[in-house]
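User: I should like to work through this structure by question and answer. Please show the sequence and the model before we begin.

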There are 2 protein chains.
Amino acid sequence: MIDHEVQFKKFLQKQGLKLTRNRARILEAAFSVHEHFDAEKLYDLIKADNVSLATVYRTLPLLLEAGLITRTVRIGGRDRFEHILGHPRHAHWLCENCHAVIETDLSALLPAINKEARALKFDIQNISINISGLCWKCKGGANDSQ
Amino acid sequence: MIDHEVQFKKFLQKQGLKLTRNRARILEAAFSVHEHFDAEKLYDLIKADNVSLATVYRTLPLLLEAGLITRTVRIGGRDRFEHILGHPRHAHWLCENCHAVIETDLSALLPAINKEARALKFDIQNISINISGLCWKCKGGANDSQ
DNA sequence: TTTCATTTGAGAATCATTTGCAACAAAGAC
DNA sequence: GTCTTTGTTGCAAATGATTCTCAAATGAAA
């Protein structure tokens with residue numbers, strides 16, 4: 001059983017829940033995508049296995065609580081997520097014009113964030129940094145003003 | 001006319017739009033709340049003036065584009081905003097347990113963010129930093145595990 | 001006060017997400 | 001094995017925030 005599957009199973013057991021075939025399938029799908037995904041995307045990946053969209057929606061919060069995925073940007077009215085293991089935390093730069101998403105490492109920001117956390121006695125579970133604006137391609141063109 | 005009203009009017013004119021009584025009312029409401037608010041909240045504040053919820057929803061994106069408000073945390077499936085003028089940018093620390101929202105200044109992080117932006121040639125319009133976890137009150141109690 | 005474009009309220013329509021429910025498993029207890 | 005209990009799932013229906021439609025209202029300008 002893969003690393004994150006073990007982690008998920010442990011988490012589930014602690015809540016008296018089970019690691020079912022469906023849940024394992026969803027977890028696997030989430031880790032097979034190395035970019036953002038939304039519920040629909042996962043569903044597309046596994047619907048062949050007769051997993052319903054409702055189950056995907058039911059599983060997402062579990063993965064979230066288990067600390068295996070994280071909620072990131074919201075695009076087109078849809079929540080988007082990404083897996084965490086082997087996917088170091090990063091900031092998202094979202095272009096308002098072309099909707100490109102650029103990712104950058106958080107390491108430059110982490111020291112300052114952790115310092116703040118200590119001061120607040122806050123236990124960090126998830127960090128989400130989204131910066132919107134115009135990417136280099138769009139800052140001159142498409143949008144003539146601003 | 002207040003500062004941010006001037007700003008809004010300018011913005012609207014640039015798009016061939018008008019600063020109507022309703023829009024001014026919504027802007028005013030947005031600036032009267034010194035915390036996060038959602039569409040419904042603004043609506044409650046001004047429905048006595050016969051402004052419809054639809055108009056609130058229609059105006060929010062304008063305020064956003066005009067750089068007068070910013071989208072922050074999403075709670076209970078609702079988009080939340082806050083005004084910007086006189087309300088320096090800050091990070092949000094969201095407690096998963098008691099849902100408290102703590103705000104901290106961004107100044108410690110801005111230099112690093114701006115540096116990154118320069119490297120990416122990215123034009124920042126909006127920065128949203130949300131850190132979730134457990135606040136000091138909840139990290140020991142309520143939730144026995146974790 | 002005519003004209004023409006923009007706004008608006010009201011309610012219907014959308015669409016992601018949640019839920020209710022009945023049928024299904026899984027894991028023990030016997 | 002066979003009960004029993006408890007969690008799981010697919011399906012369809014419900015929910016609820018947000019968006020859209022459209023006809024009436026308003027505003028600016030001539």
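User: How far does a polar side-chain atom of A:Thr55 lie from a phosphate oxygen of DNA strand D?

Analyst: This is a predicted model, and the distance is computed from its atoms. A:Thr55 is listed among the residues closest to DNA strand D. From a phosphate oxygen of that strand to a polar side-chain atom of A:Thr55, the distance is 2.4 Å.

User: Which part of DNA strand D, a base nitrogen or a phosphate oxygen, is 2.7 Å from an N or O atom in the side chain of A:Arg58?

Analyst: The side chain of A:Ser52 has an N or O atom 2.7 Å from a phosphate oxygen of DNA strand D. For A:Arg58, the partner of the side-chain N or O atom at 2.7 Å is a base nitrogen.

User: Which elements give two or more residues to the surface near DNA strand D?

Analyst: Both protein chains take part. Chain B gives helix 4 and strand 2 (78-83). Chain A gives helix 2 (21-32) and helix 4 (53-65).

User: What percentage of the atoms of DNA strand D that come within 4 Å of the protein do sugar and phosphate account for?

Analyst: The strand is surrounded by 18 residues. These residues divide into five nonpolar, seven polar and six charged. Among the atoms of DNA strand D within 4 Å of the protein, the share of sugar and phosphate is 79%.

User: Which residues come nearest to DNA strand C?

Analyst: There are 19 residues around DNA strand C. They comprise five nonpolar, seven polar and seven charged residues. Those that come nearest are A:Tyr57, B:Thr20, B:Arg23, B:Asn50 and B:Thr55.

User: Which residue has a backbone N or O atom 2.9 Å from a phosphate oxygen of DNA strand C?

Analyst: Two residues of chain B place polar side-chain atoms by phosphate oxygens of DNA strand C: B:Ser52 at 2.8 Å and B:Thr55 at 2.2 Å. The backbone atom at 2.9 Å from a phosphate oxygen of this strand belongs to A:Asp79.

User: Is B:Asn50 buried or exposed?

Analyst: B:Asn50 is found in the loop between helix 3 (39-46) and helix 4 (53-65) of chain B. Its phi is positive, about 65°, although it is not a glycine. Most residues other than glycine have a negative phi. The relative accessible area of B:Asn50 is 69%, and over 50% counts as exposed, so the residue is exposed.

User: Where does B:Lys121 lie?

Analyst: B:Lys121 is another residue other than glycine with a positive phi, near 55°. Its relative accessible area is 52%, and therefore it is exposed. B:Lys121 lies in the loop between helix 5 (110-120) and strand 5 (123-134) of chain B.

User: Why is helix 3 of chain A oblique to helix 4 of chain A?

Analyst: The axes of helix 3 (residues 39-46) and helix 4 of chain A come within 9 Å. Their crossing is right-handed. An angle between 115 and 145 degrees counts as oblique. The two helices of chain A are oblique because their axes cross at roughly 125°.

User: At what angle do the axes of helix 1 and helix 2 of chain B cross?

Analyst: Helix 1 (residues 3-14) of chain B has its axis within 11 Å of that of helix 2 of chain B. Helix 1 passes helix 2 of chain B in a right-handed crossing. The angle makes helix 1 of chain B oblique to helix 2 of chain B. Their axes cross at roughly 135°.

Definitions and conventions. Residues numbered from 1 in each chain as written. Chains lettered and ligands numbered in written order. Predicted model: local features only at pLDDT ≥ 70, side-chain atom pairs only at ≥ 80, totals over all residues. Heavy atoms only, no water. Helix = DSSP H or I, 4+ residues; strand = E, 2+ residues; numbered from the N terminus. Buried < 20%, exposed > 50% of the residue type's maximum accessible area, 1.4 Å probe, protein only. Near = heavy atom within 4 Å. Polar contact = N/O pair within 3.5 Å; in protein donor to acceptor, adjacent residues only side chain to side chain. Nonpolar A, V, L, I, M, F, W, Y, C, P; charged D, E, K, R; others polar. Axes fitted to C-alpha atoms, helices over the stretch in contact; angles between N-to-C directions. Parallel < 35°, antiparallel > 145°, perpendicular 65-115°, else oblique. Left-handed = near helix turned anticlockwise from the far one by under 90°.
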